[in-house]
There are 2 protein chains.
Amino acid sequence: MSVPVGRSPVMADVARLAGVSHQTVSRVLNGHPNVRAETQARVQSAIEELGYRRNSSARALVTRRTGVIGVVAFDTTHYGPAQTLSGIEHAARADGYFLSVVTLQTVTREAVSEAMDYLAQQSVEGYIVIAPKRAVVEGLADQPAERPVVAVEGGEAPDLPVVCVDQFGGGYLATRHLLDLGHRTVHHIAGPGDWLEAEGRIAGWRRALEEAGAPVPDPLHGDWRPRSGYRIGAQLAEEREATAVFVANDQMALGALRALGEAGVRVPDHVSVIGFDDIPESEFFTPPLTTVAQDFSEVGRRGIGLLIDLLEDATDTAPTTPARSVVPARLVTRVSTAPACA
Amino acid sequence: MSVPVGRSPVMADVARLAGVSHQTVSRVLNGHPNVRAETQARVQSAIEELGYRRNSSARALVTRRTGVIGVVAFDTTHYGPAQTLSGIEHAARADGYFLSVVTLQTVTREAVSEAMDYLAQQSVEGYIVIAPKRAVVEGLADQPAERPVVAVEGGEAPDLPVVCVDQFGGGYLATRHLLDLGHRTVHHIAGPGDWLEAEGRIAGWRRALEEAGAPVPDPLHGDWRPRSGYRIGAQLAEEREATAVFVANDQMALGALRALGEAGVRVPDHVSVIGFDDIPESEFFTPPLTTVAQDFSEVGRRGIGLLIDLLEDATDTAPTTPARSVVPARLVTRVSTAPACA
DNA sequence: GGGGTGGATGTTAGCGCTAACAATGTTGCT
DNA sequence: AGCAACATTGTTAGCGCTAACATCCACCCC
């Protein structure tokens, strides 16, 4: 009788079929307590019979909640960002939120702000911004935040909730590992200067050297890509001075390994190399790369957790200090590092 | 005067400030033709003054269009899927659509159908499903499709619009390249049997061998990961029979290179190796890997293009044959392949 | 000059849902 | 019995927007 043709069923259709008011249907759908079990069952079966599905726009219109989280991500070509995004996605879904993603090519303040604007059109409830550069984080803090924002990989953002991997600790760990193997000092192929991850790793590396009283060579900046690691690796091979190199990511480490190999420098016999990220490939580099692993999924999970907290304690008017969550890094020892030759 | 406190402005606020009806505001927002330039300007400036932003839920409720496309993706750890997703995202945004993404861990029919169900809650207008396995594509075709679906990497889906890279052509290209270098035959480290990409590459490889009258060895199946390439590479090294190996992706090729290297088999002097995907790292493998490049961004673009066509010609009731778009693959020659030794 | 024409604007009625309140029935207690 | 307290259901009024229709006015043509 009441099977509607040509349009999808609405709450009133279900109500009619179940012989109740549409409000009762709404109550069943929202798990309201005061509905008789028998009524609830009748409504449920009417819903199934009609294949009814609640209209999310109508619901959002009246509840003022869309259940959508906006994500601004960068360059998912790289392993880390891609993994982080995936972690965010799973955590969000587990909590019943939807994700609307914008991926940016360029990491600038303007691009981020434009992306957030775009997402605002869709009435996202809050944002997760993967903010690997200082300028971006600062830009975020400036924005008149109508909606909560969580920065991921945002270093030490001044007044923004942040989740990040302990880059400093990771850099320290890597350097310490090489010093412990007896190397006099450790050279560093760093990431681009304006990246927070690069900064943190440099700081950790420097601290480890200073603590050990080791000389601190100038860090050599690459651009994260294998080619730049290759170029700098070739340079180091020519200088024949370094015995241990900490490379700020595995892709550059790959390039460096190749350059050293071509120059006849054997790894780890002549030079030890350690990377950062633990990409799936690094175990199979020549030689298998010792590196520092980051738990990206955990970062994603914590980011979503933090944002949802913010979303759901909207009552919390007291400007508590923004949360900050640091995920530890872990040393993964393989073949590319060895004791310094005496 | 009419600056509302405590709530964000609505159309009526803008209307009041501009001294027009809310409908005129709506007309300006929707680019309706019959609005006097002077009125339009007044409305525009009222919008800016109030920082007004149209409520997307209310709009969607009445227009029955959400502007959201649902994407079901897999395992964005891998380069290809991640790139494809990024291509989809850019294309969608360029056309003013939003993306809601679900990434799956397991590629099963059930998982896909559950993901689509989840997305349906959000009233997506259509779906893009990255469907790399036969079972998934078949499951999709079965579904009572209330909304348009485009399969990406879906091989030869029977009655579904599909965009994919020419896997067959790529496999053929790779094999042909090795045969042209004088190899008697080409061994194949394939992907898992139930993956369409693996199937297509096997078929292309087989065809090239058959055309050349070369013997067709059994393909050896890996799981796409470096480790499986390593295992199979070690096996090939031990048998000492293969002089040319076509590996179904770069990650497995990396493992194979490593296994061959460890077994003292020199690449390309003793054995030529060719990969598939052209991941950013492959240029820096030892030796730099000859491979087959896929234009993932183009795949994403075409996928979105196809879906939007479907969405916007909803009038088109005639069941035209589903579109099918094949993106060519490209040979990238580096160092890992060389003429067969006489 | 009268009536048609079309541009510019306003008015009204929903879209499908939830929240608030109203109206029942049902139980327990004095 | 009588009334309070509560469980259960229904009724009504929007949420903020767009589509459809109504209105007004300027202009043109015979």
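Trainee: How do the residues of the surface near DNA strand C divide into nonpolar, polar and charged?

Mentor: In this predicted model, the residues of that surface divide into 10 nonpolar, 11 polar and 3 charged.

Trainee: What makes a residue count as near DNA strand C, and which residues come nearest?

Mentor: The criterion is a C-beta atom, placed from the backbone, within 6 Å of the strand. There are 24 residues around DNA strand C, and M11(A), S26(A), A58(A), S21(B) and Q23(B) come nearest. Two or more residues each are given to this surface by α2 (22-29) and α4 (56-63) of chain A, and likewise by α2 (22-29) and α4 (56-63) of chain B. The largest share, 5 residues, comes from α4(A).

Trainee: How do you know how the two copies are related, and what values describe the superposition of chain B on chain A?

Mentor: In general, two copies of a chain are related by a rotation about an axis and a shift along it. Here a turn of 180 degrees, with a shift of 0.0 Å along the axis, lays chain B on chain A with an RMSD of 0.1 Å. The two copies are therefore related as by a two-fold rotation axis. The same surface serves both copies, since 100% of the contact residues of chain B recur in chain A.

Trainee: How many residues does the contact take from chain B and from chain A, and which elements of chain B supply at least two?

Mentor: The contact takes 40 residues from chain A and 40 residues from chain B. On the side of chain B that touches chain A, at least two residues each are supplied by α4, α5 (79-94), β2 (98-104), α6 (109-120), α10 (226-239) and α11 (250-262). By class, that side of chain B has 16 nonpolar, 17 polar and 7 charged residues.

Trainee: What does the radius of gyration of chain A say when it is set against a compact globule of 342 residues?

Mentor: Such a globule would have a radius of gyration near 20 Å, whereas chain A has 26 Å, and the value for chain A thus lies above that of the globule rule. Along the principal axes, the C-alpha atoms of chain A fill a box of roughly 90 × 40 × 30 Å.

Trainee: Which domains does the assignment give for chain A, and what separates the centres of domain 1 and domain 2?

Mentor: The assignment gives domain 1 (11-54), domain 2 (66-165 + 296-326) and domain 3 (167-294). Taken over C-alpha atoms, the centres of domain 1 and domain 2 of chain A are separated by 37 Å.

Definitions and conventions. Residues are numbered from 1 along each chain as its sequence is written. Chains are lettered from A and ligands numbered from 1 in the order in which they are written. This is a predicted model: local features need pLDDT of at least 70, side-chain atom pairs count only at pLDDT 80 or more; totals for chains, interfaces and linings use all residues. Domain bounds come from an automatic or database domain assignment. Helices (H or I, at least four residues) and strands (E, at least two) are DSSP runs, numbered from the N terminus. Ala, Val, Leu, Ile, Met, Phe, Trp, Tyr, Cys and Pro count as nonpolar, Asp, Glu, Lys and Arg as charged, and the others, Gly among them, as polar. Copies are superposed by least squares on the C-alpha atoms of residues with pLDDT of at least 70 in both. Two residues are in contact if their C-beta atoms, placed from the backbone, lie within 7 Å. The radius of gyration is taken over C-alpha atoms; the globule rule is 2.2 Å times the number of residues to the power 0.38.
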